[in-house]
Protein chains: 2
Amino acid sequence: MWERNLVLSAPGKVILHGEHAVVHGKVALAVALDLRTFLRLRPCAEGRVCVRLPGVGVVRSWDTPRLQALRRGFAGRRWEPDPAAQQLDTLREFAGIAAGASAPESLATLAFLYMCLAISAKYGDVLSVDILVWSELPTGAGLGSSAAYAVCLAAALLTACGAISCPLKEGESTARWTEEELTLINSWAFQGERVIHGNPSGVDNAVGTWGGALRYQSGKITPLKRVPTLRILLTNTKVPRSTKVLVAGVKEKILKFPAIMNPVLDSIDAISQECQSVLEAMPANPSPEYYPVLEELFDINQHHLNVIGVGHPSLDRLCRVTASHGLHSKLTGAGGGGCGITLLRPDTSPLAVEAAKRDLCACGFECWETNIGAPGVTLHSFSSLNAEVLHALSES
Amino acid sequence: MWERNLVLSAPGKVILHGEHAVVHGKVALAVALDLRTFLRLRPCAEGRVCVRLPGVGVVRSWDTPRLQALRRGFAGRRWEPDPAAQQLDTLREFAGIAAGASAPESLATLAFLYMCLAISAKYGDVLSVDILVWSELPTGAGLGSSAAYAVCLAAALLTACGAISCPLKEGESTARWTEEELTLINSWAFQGERVIHGNPSGVDNAVGTWGGALRYQSGKITPLKRVPTLRILLTNTKVPRSTKVLVAGVKEKILKFPAIMNPVLDSIDAISQECQSVLEAMPANPSPEYYPVLEELFDINQHHLNVIGVGHPSLDRLCRVTASHGLHSKLTGAGGGGCGITLLRPDTSPLAVEAAKRDLCACGFECWETNIGAPGVTLHSFSSLNAEVLHALSES
């Protein structure tokens, strides 16, 4: 039985280049966003499993024997990493979640139950634990918050049942798992994502697990070898949008004007590849000359995303406001509202950043100063956590 | 000797699609702009040739015998349609124009003298005429004002020396020349353009001569068969720019990011071709459904022009202002400032147009409501001219 307190975190993700084009076989670059989801796991003596997700209003607990009975009840089926519709139906019924419920709290609860039971079935029971998850990431903004949640759950549950080690040594502030262990974490996180999203690409959980940056094309995920950490502003326009409708709109435009649109997708593909080259060259040779290139790629891609029809007046405004501070922005993810990213240079002054943030907030946007190329899933000592995270995790 | 008064006019031009891409072998569409240059030719008894160009402050006159002596002085050289450097040097000296002078008044005077003498040498003297040229076109704004001037001069001088007919019959308000005569007008107008520009493409004088729309690619000019007349706003941001610097900047971007930029040029090429198809389909089937397509092509190309680096904040503003009135705009010509065109639908209300014009003027821009696809060089009866043109041409 697990007897240690654990704190671990996983990053969100943003698409740096290639959103939408990736649907049509082009390269996308996804990078880890240093807005993180934190999970605290505590052993508890009472024979109960508790899960608290204050961000989505979930406080649930179940008697361990009931969970064990539920797991045993799946006679003839193993809890393989592959959620079957029938298993999920049973779990929904157990947790009192309506069929087809798609609210974040329902899906988060379902994913927790599935991962807890499946991992217990395969590696040994995860019993009597109290799990609290708190995130710096907004949900439903295309920033990989569900994947960060699934990665944290996978890492915590696999560690608690002994399937992977607990690499954090006494006196260390952070630690990460071995490559092999990360691969296991990622594969279970992907199953959690499948519970939540049905048919995810696997990009978000890979970014949450490995961090840094990765290239995605036609189902193939390739982590970039070394990537720099880049300062950004992440801005949420808070304009709601439907990814499905936007993706369909792009497809329609391509069918309507193939000779005009296909070259634009080719150009986006070349932007992703150029950006990859720049990112891979930067750590060895951290010259300031790379930043104007990255900025130019942002500007070009933002125009292309407008051409394929996924821009929005709120995103135009975001770009205009940051341009007035000499900064370069593009939408990230689905577009049509949602989030934009603004590149900051290493020498962009705090005053300039504050001025840009103030103007963005004055538009009604929410704005974070953070980094991309952040580390993947990480174990933390309590003493290394900042005050806000400590405060959030000490709720009980 | 010519004894009739003539009034004729030629249209300006705008590039509808393909500016800059045309330099790299792609298709451009040029259309006739219904802001016109008017020329009035009057016989005068005094044995003098007078030319007045109030728009550029030119009032010159020469004794006919001096011009005849000048023409005869070119012993051994015929005044072929091909201005030789030596001929131009002689004409500069005669007119007191400094070598290398590039002011519009110098070039306009030089082109007049060259065309007058060369046409006289070939077809018979153009003697004792008084020519007044007045234009609705701003000069130096990339709207083909020099070509409209050269087309008017060619048509008037060729008519006056009897090389072509005077097709305007008693009681008619306008008339045009035969295809063969237009070809002759165009070839002489091109020589006038060469005097002014050195190495013109020939597109501007072809548009001034034939009107409508034409396709230009790799030196080949093809008039479109039938084109609709489309309402537009033409807006001059009055931001000065250097075409040479802009063209060089595009080339540099292509060399820097070939894989990103070449597809953009391909997409622009496809836009020109799509637009050509739409324009050619419209006269036979004037469905309102064509307008959203034309608007979408404007929007896409404007983004592409920003990508290749020829946008400008003033043009962004122009697009934003017109978008706020539901109208779609793009830069036309060199970009980096200069002019933009805004498509109006047949049913765009005069109130909406006035509101957009007011907002554009409030930005410090100059704005005209006019048409594209206008007729080429045309003879007019005095009685058919509007009051403003009549007033301008009755200056003496």
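Trainee: Why is Asp34(A) called partly exposed?

Mentor: Asp34(A) has a relative accessible area of 26%, and that falls between the two cut-offs (buried is under 20%, exposed is over 50%, partly exposed is in between, with a 1.4 Å probe and protein chains only), so the label follows from the value. Keep in mind that this is a predicted model, in which local features need pLDDT of at least 70 and side-chain atom pairs count only at pLDDT 80 or more, while totals for chains, interfaces and linings use all residues. Side-chain values use heavy atoms, with hydrogens and water left out, residues are numbered from 1 along each chain as its sequence is written, and chains are lettered from A, and ligands numbered from 1, in the order in which they are written.

Trainee: What makes the pair of Arg36(A) and Asp34(A) a salt bridge?

Mentor: The N to O distance between their side chains is 3.2 Å, which satisfies the rule that a side-chain nitrogen of Lys or Arg lies within 4 Å of a carboxyl oxygen of Asp or Glu. Arg36(A), at 6% relative accessibility, counts as buried. Over all chains, a search of the whole structure finds 28 salt bridges.

Trainee: How do you know that Glu296(B) and Lys253(A) form a pair that crosses between chains?

Mentor: Their side chains meet in a salt bridge with an N to O distance of 2.9 Å, and the pair runs from helix α9 (residues 290-307) of chain B to helix α7 (residues 243-256) of chain A. Helices here are DSSP runs of H or I with at least four residues, strands are runs of E with at least two, and both are numbered from the N terminus. Glu296(B) is buried because its relative accessible area is 15%, and Lys253(A), at 18%, counts as buried too.

Trainee: What makes the contact between chain B and chain A an interface with a stated area?

Mentor: The two chains bury about 1800 Å² between them, 72% of it on carbon and sulfur atoms, the figure being the accessible area (1.4 Å probe) lost on putting the two parts together, summed over both. Each chain is represented in the contact (heavy atoms within 4.5 Å), with 22 residues from chain B and 22 residues from chain A. The count between them is 4 salt bridges, one of which joins Lys253(B) and Glu296(A) at 2.8 Å, N to O. On the side of chain B that touches chain A, the elements giving two or more residues are α7 (243-256), α8 (258-281) and α9, and α8(B) gives the most, with 10 residues.

Trainee: Why is Arg48(B) said to tie together parts that are apart in sequence?

Mentor: Arg48(B) forms a salt bridge with Asp63(B), the closest N and O atoms being 2.4 Å apart. Because Arg48(B) lies in strand β3 (residues 48-53) and Asp63(B) in strand β4 (residues 58-63) of chain B, the pair links parts that are 15 residues apart in sequence. Arg48(B) is partly exposed at 26%, and Asp63(B) is partly exposed at 33%. Elsewhere, salt bridges that share partners join Arg40(A), Arg52(A) and Asp130(A) into one network.

Trainee: What makes the largest set of nonpolar residues a core?

Mentor: A nonpolar core is a set of buried Ala, Val, Leu, Ile, Met, Phe, Trp, Tyr and Cys residues joined through side-chain atoms within 4.5 Å, and the largest such set has 120 residues, with Ile131(A), Ile185(A) and Leu234(A) having the most contacts inside it. Apart from that core lies another, of 119 residues, including Leu318(A) and Leu107(B).
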